[in-house]
Amino acid sequence: MALCPECETDLDLDEEEIEEGEIVSCPECGMDFEIITKSPLELNPVEKLEDDDDATTADEEEEDGY
Ligand SMILES: [Zn+2]
């Protein structure tokens, strides 16, 4: 039995039917999880990469050209 790490709903995964690296989604909260290992069952939340935000904004120095 596999519980959703997010909302603890029974994901009802059958070890015979799943594969490592497969993505399963929780019907309850809609989160996607990648199956890392089957036994013990380890799930890793799949982070949706929608936008890359570069947090590197270089401070621009203003030159006083007097
Ligand atoms: Zn869930």
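This report walks through the fold of one protein chain, starting with its strands and ending with a few unusual backbone spots.

**The overall picture**

Keep in mind that what you are looking at is a predicted model. The protein chain has zero helices and three strands. Follow the sequence and you meet them in the pattern β-β-β. The chain is 66 residues long, and 6% of those residues count as buried. What about contacts that reach across the sequence? Among the contacts in the protein chain with a separation of 6 or more, 15% are between residues 24 or more positions apart.

**The sheet**

The three strands come together as an open sheet, in the order β1-β2-β3, with antiparallel pairing. Which strands stand at the edges? They are β1 (23–25) and β3 (42–45), and each has a single partner strand, so one side of each has no neighbour in the sheet. On average, neighbouring strands here are turned by 40° against each other, if you ignore direction. As background, strands of a sheet pair through backbone hydrogen bonds, and they can do so in a parallel or an antiparallel way.

Now take the pairings one at a time. β1 pairs with β2, which covers residues 32–37, in the antiparallel sense over three bridges. If you want a spot to look at, find Ile 23: its bridge partner in β2 is Glu 34. On to the other pairing: β2 and β3 also run antiparallel, and four bridges join them. Here you can look at Ile 35, whose bridge partner in β3 is Leu 43. The link from β2 to β3 is a hairpin through four residues.

**A buried residue before the strands**

Ala 2 sits in the segment before β1. Is Ala 2 buried or exposed? It is buried, because 21 other C-beta atoms lie within 10 Å, and the cut-off for buried is 20 or more. Which residues does Ala 2 touch, once its neighbours within four places in sequence are left aside? The answer is Leu 11, Leu 13, Leu 41 and Leu 43. Leu 43 is 41 residues away from Ala 2 along the chain, yet their C-alpha atoms are separated by 9.0 Å. Leu 43 has already come up in the sheet, as the bridge partner of Ile 35.

**Backbone oddities**

A bit of context helps here: most residues other than glycine have a negative phi, and most peptide bonds are trans. Two residues in this chain go the other way on phi. Glu 8 is not a glycine, but its phi is positive, at about 65°. Asp 12, also a residue other than glycine, has a positive phi near 55°. Here they are side by side:

| Residue | Phi | C-beta neighbours inside 10 Å | Place |
|---|---|---|---|
| Glu 8 | about 65° | 11 | segment before β1 |
| Asp 12 | near 55° | 10 | segment before β1 |

With 11 C-beta neighbours inside 10 Å, Glu 8 counts as exposed, and Asp 12, with 10, counts as exposed too.

The peptide bonds offer something to look at as well. Where is there a cis peptide bond? It joins Ser 39 and Pro 40, with omega at about 0°. Pro 40 belongs to the loop between β2 and β3, and these are the strands that the hairpin joins.

Definitions and conventions. Residues numbered from 1 in each chain as written. Predicted model: local features only at pLDDT ≥ 70, side-chain atom pairs only at ≥ 80, totals over all residues. Helix = DSSP H or I, 4+ residues; strand = E, 2+ residues; numbered from the N terminus. Buried ≥ 20, exposed ≤ 12 C-beta atoms within 10 Å, placed from the backbone. Contact = placed C-beta atoms within 7 Å. Pairing = 2+ DSSP bridges. Axes fitted to C-alpha atoms, helices over the stretch in contact; angles between N-to-C directions.
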